[in-house]
Amino acid sequence: MQENNHKKVNVRLWKRIVLIAAVFSLLTALLLIANYIQLNRADPVNTKTINMLVERLNQNPDDDALRNEIRELDLLARKAYFTNQWQIRTGAYLLLIGIIVVVVALQIIKSAKGIEPEIPAEKGLDFLSNQVITRKWVSISGISLVGIALLFAFLTHNKLGNAITQASTSTQTDTISSKLAVNSNNTIETSTMVSDSMTTSEVAENQDTATNENDVDTTTKVLSEYPTYKEIIQNFPCFRGPGGNGIAYQKNVPTSWDGASGANIKWKFAVPLPGFNSPVVWEDKVFISGANATTREVYCIDRNTGKLLWKAPVVNVPGSPGTSPKVTDDTGHAAPTLAVDGRRVYAIFSNGDIIALDMDGNKVWARNLGTPSNHYGHSSSLMLFNNMVIIQYDQKNSPKVMALSTTTGKTIWSTAREVKISWASPVIVYTGQQTEIILSSDPYVASYNPWSGKENWRIDCIFGEVGPSVAYADGLVFAQNEYARLVAIKIGEKPEILWESDEYLSDVPSPVATKDYLFSATSYGVVVCYEAKTCKKLWEQEFGNGFYSSPMMVGGRIYLFDRKGVAHIFSASGTYKSLGEPKLGEDVVSTPAFADGQLFIRGSKNLYCIGK
Amino acid sequence: MKLHKFQIAKYNFQFLLKLPAIKIQTLLATMNSNKIKIIVLFILLGIQTVAISGPRFPMPEFESGHTQPPTLQPEPRSDFFEIFDAFVLIAALTVITWLIHKKRSRRGVFWVSIFSLLYFGFIREGCICSIGAIQNITLALFNPSYQIPATVIAFFVIPLIYTLFYGRTFCAGVCPLGAIQDIFALQPVDLKTWVQKILGLIPFIYLGLAILYAATSTDFIICRYDPFVGIFRLDATFFMFSIGALFIITSVFIARPYCRFFCPYGVLLNLISRVSKKHVEITPTHCINCRLCENSCPFGAIEKPVPVKEIGNKNTALRKFMTLSFIIPLLIFIGGWTGSQFHENLAMVNADVRLANEILTTDLQDKTIEFSEEIKAFKSSGKTADEIYAKANEILDDFYIGGWILGGFIGLVFGITLASVSIFRYREDYKTNKGECFSCARCFDYCPVKVES
């Protein structure tokens with residue numbers, strides 16, 4: 001029968017067919033792979049030549065010949081791409097046919113050979129031995145499987161679930177914060193970003209009717225690395241409030257007091273060393289600093305009693321220069337305002353010393369950033385963003401903006417700036433799309449990514465010795481400087497100047513803005529209100545004493561201290577409406593801080609707590 | 001700038017024209033939303049239609065006045081052809097069962113294999129297949145909102161019914177995945193019994209995973225990692241094509257590697273076949289112990305006679321029985337506990353859990369990094385991170401329970417496997433292993449015993 005099959009089927013022929021078909025299939029497969037790799041590399045809409053020509057066309061949009069050339073090249077590239085695809089598909093069919101021929105031929109050969117049953121020479125392992133070996137290997141593989149699974153499981157055990165639960169809790173906390181603001185009766189929209197999870201907030205205008213304090217979730221007491229949005233807005237962490245935008249979120253801030261008689265003055269604290277920095281507040285603690293050419297100190301005062309809780313000398317700072325730089329009397333050695341996040345308080349001085357102290361006054365870390373070359377003295381205040389201290393270090397030599405770790409003081413990022421010396425402070429805003437650090441210096445206003453320090457945009461629009469920081473509201477950044485101009489920059493994908501004005505320019509106080517209004521005070525005593533979107537002047541008011549302190553908006557009111565210590569309180573609206581002019585009885589150049597029912601202002605010698 | 005837009009649009013336009021030819025895997029690979037992926041996957045696998053309601057990209061605006069042709073949509077497979085497919089399945093099963101049980105024809109089985117490979121494989125492009133239907137059935141059981149098509153149920157149930165009565169005749173030559181491997185089984189080698197046993201555990205694990213992922217609406221992993229469907233459609237990704245080619249090349253030497261060591265549907269057929277009413281036998285009458293068939297099965301599914309002397313004493317058997325009675329529940333518990341500890345790793349396959357994990361580790365407002373497509377989709381969806389976290393938490397809870405069940409099941413499989421190699425089955429004749437035999441009819445020709453006509 002076998003011989004018959006051999007006679008019927010030309011095995012030799014089929015073997016040759018197998019060989020030819022196999023070689024053909026192999027070659028086809030190789031070509032297919034090569035074609036596939038080539039196709040994967042090709043991008044018909046992004047060829048170098050076409051891109052170059054498109055670039056040229058952008059420069060000469062009327063060049064029709066070039067346009068047609070691009071179209072022809074584009075068509076060719078696409079044709080090549082799709083031809084390649086066709087080749088792959090056709091090749092796949094050819095490969096399939098080749099393989100089918102091989103398989104059929106092999107089956108025919110096998111069939112021709114017929115079955116040749118034979119009795120196996122050896123019976124192999126006996127039944128029981130086979131069972132023993134199999135049991136052994138099944139057990140080994142089972143143990144291995146469990147071991148591998150447990151290894152992976154314990155390497156990542158509960159990490160994901162815990163992380164998600166924690167993140168979920170954190171998000172819920174921030175949602176409560178947002179609700180806290182949104183639940184208020186009358187709101188003013190602002191967009192100050194102070195935390196990565198914060199969204200556009202609506203701030204209580206009438207805080208007397210705002211959410212009851214009891215509604216605030218106080219269960220999250222375990223300290224995370226940095227505060228939540230809720231914690232930040234419940235406190236006053238830095239110069240000009242959360243984000244440094246001139247807006248505070250406290251309630252029941254007093255509108256009347258009298259320094260001479262002590263009416264509504266809760267306490268006053270004589271600051272041992274001079275300084276022009278403003279107070280910052282975290283829960284029951286108020287912080288300020290003072291310094292002269294030889295001594296630098298940070299003070300923590302009990303918010304309720306006005307007693308000094310602790311005083312921390314800034315000493316043994318690695319790299320600190322032996323002598324302090326020369327500064328002018330109106331700037332001093334402790335002009336920058338501190339920053340506090342409830343975990344630590346941070347202070348910087350004229351010689352570049354920066355220190356982090358825990359809430360009990362113990363040094364956490366300290367370093368020297370290099371003596372700033374600044375003919376008046378360094379005055380830019382510290383800003384906080386998540387776990388970073390943001391420092392605008394616009395000095396003469398290598399100006400830069402940098403972020404230090406709040407926990408270690410190590411530089412997280414540092415970005416060089418092509419600017420002149422500046423005395424302004426950083427402002428952090430949330431635009432609805434992203435968080436940005438906005439800085440103002442000669443010659444530009446610039447935005448930086450707070451995570452990387454990378455510059456987002458810059459606009460040349462300002463010059464001189466820039467003192468005022470920017471204000472931000474509803475997509476507009478307001479920057480100004482005396483002898484330069486006031487500009488409103490519309491940010492977004494392509495930031496541009498929306499409007500500009502050269503009237504009433506400030507050289508020290510920073511402006512404050514809502515989505516409708518911009519309030520600006522000048523050092524020569526004029527306060528002006530503009531329509532934010534149009535530059536239309538709504539009102540101006542002249543006061544006698546001039547301002548170095550910046551206006552603060554809280555509860556729908558503007559608080560503005562003049563240089564003689566008179567607070568001008570007026571409605572944050574399009575018409576000027578005075579709500580009080582209480583006197584402190586002491587010169588003021590700093591900017592007030594707030595707590596619920598209280599206002600803190602540093603006079604030339606004392607720190608005051610006003611309110612109950 | 002305008003030209004650049006035109007270029008992109010034109011490219012997209014070309015892509016649109018090719019949409020009807022897009023197959024499941026290609027389409028899924030291009031989709032951003034995993035939810036959409038799952039839904040489309042279900043639709044495509046279940047009812048054999050490609051449902052695309054509109055253009056994938058905005059229509060380009062041609063400056064030349066070119067009129068936009070209407071978007072072509074593939075027609076869904078008509079009800080007639082769906083029923084027709086079920087009838088073809090029944091017909092093929094009937095014919096092959098008749099060829100195996102009545103005609104004892106290996107040649108007949110081979111030609112039915114060729115037919116099935118062409119029809120269910122290359123013409124029907126490997127879908128719907130009974131193997132993938134496991135997932136549809138599971139999803140329908142766990143997700144009441146999922147409407148399972150009748151054809152899917154038919155493709156799942158009919159082979160099981162035939163197996164219950166006649167053994168694994170479906171595997172013999174009707175399943176296109178089996179067929180493509182079978183025709184390449186040219187030089188099969190024998191595998192050691194213990195190797196077969198260990199590799200034979202993989203389908204159980206694969207089945208458990210497939211059910212877990214389908215029950216949690218995570219993924220249809222059987223379809224996603226089907227090594228042959230891309231070959232049937234000639235559109236496999238390079239990776240999947242390589243896997244398919246590897247299986248085929250392996251088939252030449254190790255017969256049907258996917259069927260024996262991966263196929264999750266084979267697990268069900270294996271179990272049902274063990275209790276089948278009628279099953280193929282090597283010899284048509286009585287085995288004469290000639291040993292000619294001993295090496296005839298390329299799948300190692302022929303069980304040799306076990307002489308009485310090898311059985312061992314009764315005390316040993318009793319001790320083993322007692323040990324197994326203790327070990328099997330213990331293995332179930334260990335497996336379940338291990339699975340529960342491993343649940344987060346298992347859950348990382350789920351798109352929502354992956355997204356939550358990615359959100360956790362990504363600075364969403366950092367403009368310096370290029371976000372993944374998933375993050376971009378999340379950002380444009382308007383959902384909050386909290387919603388994603390909540391969903392991920394729910395899914396993790398499901399996987400915790402699923403981990404216990406899956407691990408317990410795997411522990412049980414290991415326990416039963418140990419039991420199967422610890423007990424004695426006294427046999428005098430050469431028999432087919434009813435569970436593992438594919439009814440391919442190869443062994444028939446090796447048996448010298450013939451029935452007189």
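In this predicted model, the contact between the two chains brings together 51 residues of chain B and 57 residues of chain A. On the chain B side, several helices each supply at least two residues to the surface that touches chain A: α1 (2-17), α10 (193-199), α17 (314-341), α18 (343-347), α19 (351-360) and α21 (385-420). Of these, α21(B) gives the largest share, with 10 residues. Sorted by class, this side of chain B holds 26 nonpolar, 15 polar and 10 charged residues.

Turning to chain A, its 612 residues are organised into strands and helices, with 35 of the former and seven of the latter; 44% of the residues count as buried. Among the contacts in chain A with a separation of 6 or more, 57% link residues 24 or more positions apart.

Strand β18 of chain A, which spans residues 435-440, makes a pleasant place to look in detail. The strand is mostly covered, and six of its six residues are buried. Its side chains can be followed in two sets: A:Thr435, A:Ile437 and A:Leu439 point one way, while A:Glu436, A:Ile438 and A:Ser440 point the other way, and all are buried.

Strand β18(A) has a pairing partner in β17 (residues 427-430) of chain A, with four bridges in the antiparallel sense. Within this pairing, A:Ile428 has A:Ile437 of β18(A) as its bridge partner. The two strands form a hairpin with four residues between them, and in the turn A:Gly432 adopts a positive phi of about 100°.

A further antiparallel pairing connects β18(A) with β19 (residues 444-448) of chain A, again through four bridges. Here A:Ser440 stands opposite A:Val445 of β19(A). A hairpin of three residues makes the connection from β18(A) to β19(A). Strand β18(A) is thus a member of two hairpins, one with β17(A) and one with β19(A).

Back in chain B, helix α16 (residues 264-274) offers a helical example of a covered element. Eight of its 11 residues are buried, namely B:Pro264, B:Tyr265, B:Gly266, B:Val267, B:Leu269, B:Asn270, B:Ile272 and B:Ser273. Which helices lie over these buried residues of α16(B)? The cover includes α6 (130-142), α7 (150-166), α8 (169-173), α11 (202-215), α12 (221-224) and α15 (257-261), which belong to chain B.

Key
Residues are numbered from 1 along each chain as its sequence is written. Chains are lettered from A and ligands numbered from 1 in the order in which they are written. This is a predicted model: local features need pLDDT of at least 70, side-chain atom pairs count only at pLDDT 80 or more; totals for chains, interfaces and linings use all residues. A residue is buried if 20 or more other C-beta atoms lie within 10 Å of its own, exposed if 12 or fewer, and partly exposed in between; C-beta atoms are placed from the backbone. Two strands pair if DSSP finds at least two bridges between them. Two residues are in contact if their C-beta atoms, placed from the backbone, lie within 7 Å. Ala, Val, Leu, Ile, Met, Phe, Trp, Tyr, Cys and Pro count as nonpolar, Asp, Glu, Lys and Arg as charged, and the others, Gly among them, as polar.
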